[in-house]
Amino acid sequence: IADTLQIAARNGLSEIYQRIAQGEEEKNPKDCFGVTNLHIAAKNGHSQVCKLIMDMVEDKNPKDHVGINPLSLSLIHDQENVCIEILKNFDYKNPPFRKRSERVARSYKPIPEGGNQMSTLLHKVAGRGWEQACEFILKNVPYQNPKEHTGETPLHYAAQRGHENVCKLLLERSKDKNPMTVYGETPFHLAAEEGHEKVCKLFLEVISVKNPRAKSGSTPLHY
């Protein structure tokens, strides 16, 4: 039965999964590595199966033996809809992540806008250009453009990668339209350095200092 449930999870067969799981005590069985059917459904982008499983179990985001959970897998495997579906079950919608990792940190406490030691889910999805995920998080958190320990914000991540629509979302909700890192670099610097012309134009429309200078002395015009 466990193998059949796993096949249903891998292939997105939500109706079959529901019928079989109804008669089983374990709704989300795991293998010898701690990988559950929720992990498998998340990895393969089956948001309906994920929702079904989460509705039947207490642990909505279980870890495998190396600490990877379904939310992390949604990021690793570029599954935006799954990310949003899992996030609906979190009390706090913008959990912190370990630096340079896709693993959710232990603490789910709100991140102050002034800075912290970790990036957040909003940093991750902004850098991927996930407009729907960004909008979902922004509607549900108090801090719209939180800083990590280097001072980088989700706006930095989106600008550097040229995600115009995500930049628009963040600019609409951020008090500081061109925040500086500890090195004095702004999102405008990063967009200019990467040659994202449309994103640069967005910043020029909303910022007062049109050619900000970083601590190194560089400005967007240098790029």
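# A guided tour of a predicted helical chain

The chain has 12 helices and 2 strands. What you have open is a predicted model, so keep that in mind as you click along.

**Stop 1: the whole chain.** Show everything as a cartoon and follow the chain from its start. The elements come in the order α-α-α-α-α-α-β-β-α-α-α-α-α-α. The C-alpha atoms fill a box of roughly 65 × 30 × 25 Å along the principal axes. Of the 223 residues, 49% count as buried. Among contacts in the chain with a separation of 6 or more, 66% link residues 24 or more positions apart.

**Stop 2: Asn 28.** Select Asn 28, in the loop between helix 2 (14-22) and helix 3 (37-43). Is Asn 28 buried or exposed? Its relative accessible area is 8%, and buried means under 20%, so Asn 28 is buried. Now show the side chain of Asn 28: it reaches the backbone nitrogen of Asn 37 at 3.1 Å. Next, display the partners of Asn 28 that lie beyond four places in sequence; they are Tyr 17, Thr 36, Asn 37, Leu 38, Ile 53, Val 57 and Pro 62.

**Stop 3: Asp 78.** Move on to the loop between helix 5 (70-76) and helix 6 (80-87), where you will find Asp 78. With a relative accessible area of 52%, Asp 78 is exposed. Look at the backbone here too. Most residues other than glycine have a negative phi. Asp 78 is not a glycine, yet its phi is positive, at about 60°.

**Stop 4: helix 7 and helix 8.** Select residues 121-128 for helix 7 and residues 131-138 for helix 8. Their axes are 8 Å apart and make an angle of about 150°. How are helix 7 and helix 8 oriented to each other? Angles over 145 degrees count as roughly antiparallel, so that is the description of this pair. Helix 7 passes helix 8 in a left-handed crossing. To see the contact, show Leu 121, Leu 122, Val 125 and Ala 126 on helix 7, together with Ala 133, Cys 134, Ile 137 and Leu 138 on helix 8.

Stay with helix 7 for a moment. How many of its residues are buried? The count is 7 of 8, so helix 7 is mostly covered. The buried residues in helix 7 are Leu 121, Leu 122, His 123, Lys 124, Val 125, Ala 126 and Gly 127. Just after helix 7, click on Gly 129, which has a positive phi of about 75°.

**Stop 5: Ser 174.** Go to the loop between helix 10 (164-173) and helix 11 (187-193) and select Ser 174. Ser 174 counts as buried because its relative accessibility is 4%. The side chain of Ser 174 reaches the backbone oxygen of Leu 170 at 2.6 Å. For a sense of scale, draw a C-alpha to C-alpha line from Ser 174 to Ile 76: the two are 98 residues apart in sequence and 27 Å apart in space.

**Stop 6: helix 12.** Finish with residues 197-206, and colour Val 199, Cys 200, Leu 202 and Phe 203, the buried residues of helix 12. These buried residues lie on the same side of helix 12, because they cover an arc of only 155° around the axis. Which residues are exposed on the other side of helix 12? Glu 197, Lys 198 and Glu 205 are exposed there. Last of all, show helix 9 (154-160), helix 10 and helix 11, against which the buried residues of helix 12 pack.

Methods: Residues are numbered from 1 along each chain as its sequence is written. This is a predicted model: local features need pLDDT of at least 70, side-chain atom pairs count only at pLDDT 80 or more; totals for chains, interfaces and linings use all residues. Side-chain values use heavy atoms; hydrogens and water are left out. Helices (H or I, at least four residues) and strands (E, at least two) are DSSP runs, numbered from the N terminus. Buried means under 20% relative accessible area, exposed over 50%, partly exposed in between (1.4 Å probe, protein chains only). A polar contact is a pair of N or O atoms within 3.5 Å; within protein, one must be able to donate a hydrogen and the other to accept it, and residues adjacent in sequence count only if both atoms are side-chain atoms. The arc is that of the directions from the helix axis to the C-beta atoms. Contact means heavy atoms within 4.5 Å. Axes are lines fitted to C-alpha atoms, for helices over the stretch in contact, and angles run from 0 to 180 degrees between N-to-C directions. Angles under 35 degrees count as roughly parallel, over 145 as roughly antiparallel, 65 to 115 as roughly perpendicular and the rest as oblique. A crossing is left-handed if the near helix is turned anticlockwise from the far one by less than a right angle, and right-handed if clockwise.
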